[in-house]
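Here is a relaxed walk through some helices and a handful of charged pairs. Take a look at the sequence and the model, then read on.

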Amino acid sequence: MSKKRILTILSPVILLTGLFVFVIRDNNMPVEYIRVSRQVKIKPDYTEAVIPPNIAPLNFRILEEGKRYFVKIHSEHGDPVTVFSKRPKILIPNRSWKKLLNENRGQQLNLDVYIQNQNNQWELFPTISNKIAPEDIDSFLVYRKMHPTHTYYFDGPLGIYQRNLENFNETGIINNSFDSIYCVNCHTFCKNDPDKMLLGVRSISPGYSNATLMIDDEKLSKIGAKFGYSSWHPSGRLAVYSLNNLPMYFHIMSNRNEVRNTIDLNSALAYYLVDDQVIKTAPQLSDKEQLENWPAWSGDGRYLYFCRAPKLWSDITMERFPPKEHKQVKYDLVRVGYDIEQDKWGELETVLSSKEAGGLSIAMPKTSPDGRWLLLCMCEYGFFPTWHDNSDLYMIDLKEAERTGKFEHRRLEINSDQSESWQSWSSNSRWIVFSSKRDYGVFTKPYLSYVDTSGRVYKPVVLPQKDPDFYDHCLLTYNTPELIIKPVKYTKGQMAGVFRSAEEIEVDVPITGATKKLGYDNIGQRE
Amino acid sequence: MDVLLLSSKLLGDPESSGAAGGHWKRFGTCLDLGFLNSAQHSLMDSLEMYGPRPLLLKNLALIHMAKGDLNSARVYLGSLSKTLFHDEWAKGYLEKLESDPSLDNDIEVRRLRNIMFNKDSDFNADKIEDIFANSRQNHASFEYMMSSYLLLEDLEGILNNIRLLKDFDYAEIPRLYEEAILLYMFQAKKSVYLYGYKVSEATHQRFNDYMTILTRYKRDRRAAQSELARGFSDSYLYFYMYGSLEIIK
């Protein structure tokens, strides 16, 4: 047998066992190395995803033993970025990373990982590939950061923060380390613009009451009513919000990872007209026999989508809490037309019933700003999917629904076996951000996914941190991630100052809670 | 206090018995009784109140490992691995999670899994007897149940369950139970069957000494209290008679 034939037969074996030695010419790269066939493991999992061209460096840890590490990041155009490290933490220089990504929009981003083993031999692993999306993601992400449980709302770290996605800078918008501020939540922006923003603040301090901070055309003011889950009309002239009675309860004996749960005992929707400074409601939004929650305007502002379920109890006491019917509460997705010029509401119509959704309960609808898509999540029962392991993301093509009259929903492939929730859109409708428990258990983290024009949603990446090990010991949970096009310009001191000032927009809330408020303390439920 | 000392130290030093209470201490009882979710919730509340104390992180990690929620456990262990005195413990478990994610061979995790209630359990958890009836292998549940009988002065409850001491490998009857038994015999004026166990000579002697003092005061409880408190404040007889954990200094 000829040498050539032997080599031909053996070459796959040689390649697989890594006996093939390459010699390459590059000043910064290992000169000699062997190829190994197994995939290198890195954490976070930045592989086979689509990433924003303006994202901060995706620093990562190589989960392989080695004496030295070398990573070459390259694409179709421009100079590769190289990182040499004696530790498995790979910290990518920001400037060259940004340049490379910007020059290669729509191209593959390749990572060649070399590891020097204990025998001083360099090993080259199969290339890790991601794709750089053509479109940017909004530059800032706003989220609420807190301990997984906040029963007592002690000082910090509960707060609303904004993170620059193009680097690692995070600043506080408001937090509960200020006197009189107990809880902050439900931040909402109009078309991803922080110059139109709502943010709820709760207080139990004497002399203060719950309120909503509003930025409208850059002016910061306080409304004398606490808004719940809110949605701005795309015109910015009004915002719909929920009024809720949402006591927590706890699963004492189930084997679920998440021990907490919340029930929507009573809810309705109201809306705030910005110019008139009044709060109103409509029968379609506040039926006493129904629970109404999670409002979301359509991209064109002609429809208000929300979740709605029959209220299965009339009155609730601590002795009857949680009501035995609570697992039968399944929300439908409904919508109602709205004429902004006439301030007139149309007929209520069911978009997707729980029955049509396989008996699941629908929550958190979010329409894309271009009006094409409606993203929602569904879970086993109830209104709060974050605390249900089985909560998944689904999508409805609204354009197709208008054409066919059928609101078909599909489960997204990016779901994990843990809870996915709190989804929202970028201003260009090409990115979504959502909270997931897939990697860090009860510590919810934000994930970014690309959505192409056909509605396909790609494998997400977790919000990158400067230290790739950051989440491994981060005891805080991130929820309600919302993308915005520029930073909120008010400081947390200014926000707190306005909340604590006596000046406020006085409003009358046209709905009173029919259900007695229950405390948030340890209400146990056997399961 | 270690729950397994309940039978001997329940009526002793009030400081060590946890009479002063403390929010975070609630998790220990829940954990002992197998209510891992409730323990988890108490610990998470404590984390909010006191910050990431190693004791809290350690127990949260154990609970999540016992429940099979390894992702949450890793985060608690990751945080703990950055502390000065508990890093080795945390790193040990992090390594173990890599080599044996089932943790079937870990003694502590196995113990928690053995006693934990899960969704298959369906009973009224308001009564300690019901909790014990549903977790008969849980030594802590047994001790809590017996302690509740002591505190409720249910002497028959103690007596009826002496037969279970064998299930938990007691070599002898704990002192407080012995005193309760003698008290029962004294009141009922009859002997009882103790399933192979017997009340120790020392306890008999102490019981007699107690009665001697009481007789000297002509059974006047109030008059005898000061002297009895000096020698018997940790006894069940004293608790039964004066109904308080208070110690007269």
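Helices (H or I, at least four residues) and strands (E, at least two) are taken here as DSSP runs, numbered from the N terminus. With that in hand, chain B has 14 helices and zero strands. This is a predicted model, where local features need pLDDT of at least 70 and side-chain atom pairs count only at pLDDT 80 or more, while totals for chains, interfaces and linings use all residues. Residues are numbered from 1 along each chain as its sequence is written, chains are lettered from A and ligands numbered from 1 in the order in which they are written, and side-chain values use heavy atoms, with hydrogens and water left out.

**Chain B and a pair of its helices**

Of the 249 residues in chain B, 49% are buried; buried means under 20% relative accessible area, exposed means over 50%, and partly exposed is in between (1.4 Å probe, protein chains only). A contact is a case of heavy atoms within 4.5 Å. Among the contacts in chain B with a separation of 6 or more, 53% are between residues 24 or more positions apart.

Now find helix α11 (residues 175–188) of chain B and helix α12 (residues 201–216) of chain B. Their axes come within 10 Å and cross at roughly 55°. That angle makes α11(B) oblique to α12(B). For reference, axes are lines fitted to C-alpha atoms, for helices over the stretch in contact, and angles run from 0 to 180 degrees between N-to-C directions. Angles under 35 degrees count as roughly parallel, over 145 as roughly antiparallel, 65 to 115 as roughly perpendicular and the rest as oblique.

Which residues of α11(B) and α12(B) make the contact? On α11(B) they are B:Arg175, B:Glu178, B:Glu179, B:Leu182, B:Leu183 and B:Phe186, and on α12(B) they are B:Thr203, B:His204, B:Arg206, B:Phe207 and B:Met211.

B:Glu179 sits in helix α11 of chain B and is buried, at 3% relative accessible area. Beyond its neighbours within four places in sequence, B:Glu179 touches B:Thr203, B:Arg206, B:Ser235, B:Tyr236 and B:Leu237.

**Charged pairs**

Side chains of opposite charge can pair when their charged atoms come close. A salt bridge is counted when a side-chain nitrogen of Lys or Arg is within 4 Å of a carboxyl oxygen of Asp or Glu. By this rule there are 38 salt bridges over all chains. Here are three of them:

| Salt bridge | Closest N and O atoms |
|---|---|
| A:Asp300 and A:Arg302 | 3.3 Å |
| A:Glu402 and A:Arg335 | 3.2 Å |
| B:Arg175 and B:Asp234 | 3.5 Å |

In the B:Arg175 and B:Asp234 pair, B:Arg175 lies in helix α11 of chain B and B:Asp234 in the loop between α13 (221–232) and α14 (236–242) of chain B, so the bridge ties together parts that are 59 residues apart in sequence. B:Arg175 is partly exposed at 22% relative accessibility, and B:Asp234 is partly exposed at 27%.

Over in chain A, A:Glu402 is partly exposed, with a relative accessible area of 47%, whereas A:Arg335 is buried at 5%. A:Asp300 is partly exposed at 45%, and A:Arg302 is partly exposed at 48%.

Some charged residues join up further: A:Arg61, A:Lys89, A:Asp467 and A:Asp469 are linked in a network of salt bridges.
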